[in-house]
Amino acid sequence: MRDTIGTALEGVIVRVNADKATLGFARTSENGTYKITLKSDAKQLIVTAEAIGYEKTKREIKNVSQECNFNLKEKTTDLKEVVVKAPAIYQRGDTLSYNLASYIGKNDYTLKDAMKKLPGIEVGDKGSIKYLGKEISNFYINGMDLLGGRYNIATTNIPASFVNSVQVLSNHQAIKANKDVFSDNVAINVNMSNKAKFKPVGSYGVSLGAGKHTLYEINGAGMLFKSNFQMLASLKAGNINQFALTDGTNHFDNKETLSTLSNLLENISATTPPIEVDRYASPTDRLLSFNILRKIRKDVTLKGNIGYSYAKSQYDYSLTRSYADADNNVIIAQASSWNTRTTQKRLILATHCRAQVLF
């Protein structure tokens with residue numbers, strides 16, 4: 001028993017059949033030989049040879065003593081299609097990774113929308129990110145700190161489809177020199193997909209509406225994330241929703257606060273309607289942000305952040321109460337009108353040496 005190039009085949013099963021009955025079988029030896037002894041009145045016999053990896057071969061012979069040699073042809077097997085799926089969550093050391101595609105829904109357009117679905121991660125109304133109830137200390141994109149605490153610019157502008165995974169870095173040390181010092185800080189790292197790594201990409205949107213005056217909102221963003229270079233620019237303007245102060249918030253600066261009037265508008269329930277602020281306020285918001293980072297050496301990066309935000313909001317609110325007594329009605333009327341405006345400008349140029357303190 002040999003293959004098509006003459007190599008002896010060991011372990012080939014040889015069967016002899018007549019009238020569908022098996023009369024004898026044997027297995028080939030190391031040198032490819034076999035021997036079958038049988039008794040039958042059948043005039044014709046069917047000899048079959050088969051082995052794993054070779055095509056099954058049959059031959060019809062006369063029922064006489066003789067040699068029956070085979071040359072088996074290798075068998076080609078087409079494998080079934082296999083789909084390999086990455087696990088939704090996996091952990092390696094202190095790093096917990098979420099495969100974002102496993103959580104994206106049809107209405108989850110931005111990174112912020114998708115991150116709200118991740119177990120253990122909480123995204124606040126103003127965009128702040130917590131993991132298991134703890135505020136994050138750093139926000140990275142492909143391992144680099146482009147935005148610092150103003151990461152709302154990334155979460156609200158980067159489409160979820162541009163992101164491969166979101167990582168939670170426990171026991172995080174932002175300064176490399178302190179890597180052996182225990183820390184209970186938690187950081188987030190966003191790994192971008194290839195379509196956002198090798199060429200500029202962008203996103204944009206337009207909303208229009210009608211009311212007492214024309215309602216509009218336009219937004220656009222351009223971005224590029226390479227191994228040693230990152231850029232994220234965004235422009236947004238509109239009078240439908242309030243966004244300028246929220247999107248430009250620095251979550252890592254505890255001293256940064258909104259204007260006194262803004263706080264009053266949100267916190268004094270006696271002077272505000274009992275509905276969501278976006279349903280009664282008439283905002284005029286504008287936001288511009290340009291962020292660029294260049295990795296010079298392994299532990300040295302140069303980055304610049306330029307930002308401008310303008311937020312104006314006004315509303316009129318009146319409340320009338322009528323009380324009936326025995327004689328007539330007592331009417332109490334209350335009216336209030338608020339107008340607040342906040343403008344923020346920032347220009348930051350920084351050299352970031354990961355082994356030292358930021359300066």
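The following legends describe close-up views of a predicted model of one protein chain.

Residues are numbered from 1 along each chain as its sequence is written. In this predicted model, local features need pLDDT of at least 70 and side-chain atom pairs count only at pLDDT 80 or more, whereas totals for chains, interfaces and linings use all residues, and side-chain values use heavy atoms, with hydrogens and water left out.

**Figure 1. Overview of the protein chain, with four helices and 20 strands.** Helices (H or I, at least four residues) and strands (E, at least two) are DSSP runs, numbered from the N terminus. Of the 359 residues, 39% count as buried; buried means under 20% relative accessible area, exposed over 50%, and partly exposed in between (1.4 Å probe, protein chains only). The accessible surface comes to about 22,400 Å², and 51% of this area belongs to carbon and sulfur atoms. Accessible areas come from the Shrake-Rupley method with a 1.4 Å probe, and for residues only the protein chains shown count as cover. Among contacts (heavy atoms within 4.5 Å) between residues at least 6 apart in sequence, 57% join residues at least 24 apart.

**Figure 2. Antiparallel pairing of strands E2, E3, E4 and E5.** Two strands pair if DSSP finds at least two bridges between them. Strand E2 (residues 13-18) pairs with strand E3 (residues 21-27) over six bridges, and with strand E4 (residues 44-50) over five bridges. Arg15 has Phe25 as its bridge partner in E3 and stands opposite Thr48 in E4. Thr48 in turn has Lys58 as its bridge partner in E5, within the six bridges that join E4 to strand E5 (residues 57-62). The hairpin of E2 and E3 has two residues between the strands, and Asp19 there takes a positive phi near 50°. In the hairpin of E4 and E5, with six residues between the strands, a positive phi near 90° is found at Gly53.

**Figure 3. Surroundings of Tyr34 in the loop between E3 and E4.** Tyr34 counts as partly exposed because its relative accessibility is 24%. Residues up to four places away in sequence aside, Tyr34 touches Met1, Val14, Ala26, Arg27, Thr28, Val47, Cys68 and Phe70. The C-alpha atoms of Tyr34 and Ile13 are separated by 9.3 Å, and these two residues are 21 residues apart along the chain.

**Figure 4. Ile158 and the largest nonpolar core.** A nonpolar core is a set of buried Ala, Val, Leu, Ile, Met, Phe, Trp, Tyr and Cys residues joined through side-chain atoms within 4.5 Å. The largest core has 38 residues, of which Ile121, Ile158 and Ile188 touch the most other members. Not counting residues up to four places away in sequence, Ile158 touches Tyr109, Thr110, Leu111, Ile141, Val163, Met192, Met223 and Phe225. A second, separate core of 15 residues includes Met1, Ala42, Val47 and Leu72. In soluble globular proteins, nonpolar side chains tend to be buried together.

**Figure 5. Strands E15, E16 and E17, with a nonpolar surface patch.** Strand E16 (residues 215-225) pairs in the antiparallel sense with strand E15 (residues 201-209) over nine bridges. E16 also pairs in the antiparallel sense with strand E17 (residues 229-238), over nine bridges, and a hairpin joins E16 to E17 through three residues. Ser203 has Ala221 as its bridge partner in E16, while Glu217 stands opposite Gly238 in E17. Val206, Leu208, Tyr216 and Ile218 make a nonpolar surface patch of about 400 Å², to which E15 and E16 each supply at least two residues. Patches are made of residues with over 30% relative accessible area and no salt bridge; like charges are joined within 9 Å, and nonpolar side chains (Val, Leu, Ile, Met, Phe, Trp, Tyr) within 5 Å. A salt bridge is a side-chain nitrogen of Lys or Arg within 4 Å of a carboxyl oxygen of Asp or Glu. Leu208, in strand E15, is exposed because its relative accessible area is 70%.

**Figure 6. The buried residues Ser234 and Ala244.** Ser234, in strand E17, counts as buried because its relative accessibility is 7%. Beyond its neighbours within four places in sequence, Ser234 is in contact with Ile153, Asn157, Gly220, Ala221, Leu287, Leu288 and Ser289. Ala244 is found in helix H3 (residues 244-247) and has a relative accessible area of 0%. With the same exclusion of neighbours within four places in sequence, Ala244 is in contact with Asp285, Arg286, Leu287, Ser309, Tyr310 and Ala311. Ala244 and Ala311 are 67 residues apart in sequence and 5.8 Å apart in space, C-alpha to C-alpha.
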